[in-house]
Amino acid sequence: MTKRQRVLATFAMTASVVVLAGCGGGGGGGGNAASEEVDFSAAPTGALNAWGFENADDVGQARLDYAEEQLSDVDIKIEATAFDAQKFTAATASGQVPDVVQMSSQYVGTYAAKGLILPLDDCLSANDVESSHWYDSVIEDVTYDDSIYAVPQFYQPPAIIVNTRLLEAAGLAPEDIDTSDHEGLISQVTSLYKESGGNPSTLGMNPDLPGQAGLWFLGNGGSIMDDEGKPTLDDPKNVETLEFLKELTDAQGGYAKVKSFIDTFDMFGSENQYVKDQVASGVYAQWYPNVLAATQANITINAVPFKDQDGNPFTVASGTAFVVPKGAKNPAAACAWALNLTSDDAWMAAGEARATTIEEDPDPNRMNTGLFTGSPSADQAIREQFVVPTGNAGFDQVIATYYEVVGEGRSFGSSAAGQEIQTELQTGVTAALNGEKSPEEALADAQQAAQRAWDQTTGN
């Protein structure tokens with residue numbers, strides 16, 4: 001794997017997974033956050049210990065530099081190691097917590113319910129930051145029991161990237177890949193599917209399962225939790241969707257063969273699945289066009305939005321967020337640091353850094369596909385100033401599609417059992433697709449396990 005491929009692989013992982021872990025916090029700022037009241041309005045001074053920014057790229061470093069400039073009276077120390085749930089829980093039990101931690105937004109509700117992180121409504125108000133700074137779906141992900149518990153960053157929505165030369169050869173147009181029409185989609189996918197020796201050689205669609213199962217569930221009118229965070233994995237709509245997804249994968253050789261085939265893809269390389277015509281369409285997050293840009297001369301792509309059951313563009317929120325642990329010794333500085341890192345000015349500094357990187361890169365294939373920050377104002381400002389025509393009409397259309405869908409996101413919700421719900425969702429979907437259980441049985445078992453976790457956490 002080349003250096004550029006390693007960087008892209010790291011970017012892909014850090015865009016979609018938790019990237020922090022750490023050690024104890026230092027003094028200064030707002031005092032001991034273990035007390036009931038925390039003074040987030042205190043001047044940010046003293047030592048600040050953070051977990052995060054593992055393998056920071058140009059975007060991350062620009063934001064770190066900006067925040068450090070704004071907080072000249074704060075001594076910022078960062079342990080750039082990956083988040084570990086057990087380590088974090090052990091640290092909070094011992095009282096040796098960092099001042100700020102980044103975690104998946106899907107896990108915020110779990111730690112909020114356990115009382116291990118602080119509500120940040122006062123943090124925002126003390127710094128004159130409105131929740132409207134972020135997309136509604138993004139802020140909903142980190143809201144628990146009517147309080148905001150994290151400062152979000154990043155939101156890279158999924159959409160569908162289509163291989164136009166394969167579609168044209170089959171007499172199809174990009175808009176024929178329509179997730180709102182299940183019967184029609186299976187028909188189109190079947191017509192695009194090819195196999196060799198009984199194994200897939202071209203997928204009509206890579207639905208990205210089980211990872212994007214939640215997207216398919218919500219898009220078809222289902223849910224994975226209710227308004228209180230109680231799991232709803234056995235929602236009849238989810239069962240209906242999973243039956244369809246099994247039919248979709250069975251039409252392409254079955255889940256085991258589909259997964260094995262996908263595992264052979266040179267996803268970050270010069271022989272990726274669009275170069276080799278191994279997929280006609282697939283669900284991919286916004287960061288992936290950055291990878292495909294390196295092979296733009298050998299691929300022909302377009303993008304269409306994932307559509308909900310009513311035919312409307314649809315996507316789901318995702319990303320990471322900064323939390324302040326209960327017991328943090330410098331919560332005021334933690335709050336100020338997180339807000340500075342996610343301010344429009346910080347994101348514009350990041351946008352400028354990325355534009356400079358692309359301009360100075362000798363690789364003529366580099367292009368600016370934008371930064372998707374979790375904030376509509378930052379997204380728009382970066383797009384207007386830095387996202388210029390690429391010279392490739394297909395890629396320009398792909399970039400535009402992701403910008404069009406980012407405002408159509410919906411939150412999965414926030415739950416005291418958020419981690420367990422996500423885990424059981426993946427487990428149940430995999431069991432059904434493999435034929436180990438019927439979709440109804442698989443989701444019933446997943447619901448039972450997630451419900452136990454919710455009951456234990458909430459005391460019900």
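Helices such as H3 are DSSP runs of H or I spanning at least four residues, numbered from the N terminus. In this predicted model, a good place to begin is the end of that helix. Just after H3, Gly95 adopts a positive phi of about 85 degrees. At the opposite end, where H3 starts, a side-chain oxygen of Asp84 comes to within 3.0 Å of the backbone nitrogen of Gln86.

Between these ends, the buried residues of H3 are Phe88, Ala91 and Thr92. These residues share the same side of H3, because the arc they cover around the axis is only 95 degrees. Gln86 and Ala93, on the other side of H3, are exposed. The packing partners of the buried residues are strand S1 (46–51), S3 and helix H4 (108–113).

Following the chain onward leads to Asp99, found in the loop between helix H3 (85–94) and strand S3 (100–104). Asp99 is buried but has no salt bridge. The nearest side chain of opposite charge belongs to Lys329, at 6.9 Å, whereas a salt bridge calls for a side-chain nitrogen within 4 Å of a carboxyl oxygen. The backbone of Lys329 offers a partner instead: its nitrogen lies 3.1 Å from a polar atom of the Asp99 side chain.

A second loop site is Ala150, set between strand S5 (147–148) and strand S6 (151–153). Ala150 has a relative accessible area of 1% and is therefore buried. Leaving aside residues up to four places away in sequence, Ala150 touches Val108, Leu120, Val142, Ala321, Phe322 and Val323. The C-alpha atoms of Ala150 and Gly109 are 9.5 Å apart, with 41 residues separating the two along the chain.

Methods:
Residues are numbered from 1 along each chain as its sequence is written. This is a predicted model: local features need pLDDT of at least 70, side-chain atom pairs count only at pLDDT 80 or more; totals for chains, interfaces and linings use all residues. Side-chain values use heavy atoms; hydrogens and water are left out. Helices (H or I, at least four residues) and strands (E, at least two) are DSSP runs, numbered from the N terminus. Buried means under 20% relative accessible area, exposed over 50%, partly exposed in between (1.4 Å probe, protein chains only). Contact means heavy atoms within 4.5 Å. Lys and Arg count as positive and Asp and Glu as negative; His and the chain ends are not counted. A polar contact is a pair of N or O atoms within 3.5 Å; within protein, one must be able to donate a hydrogen and the other to accept it, and residues adjacent in sequence count only if both atoms are side-chain atoms. The arc is that of the directions from the helix axis to the C-beta atoms.
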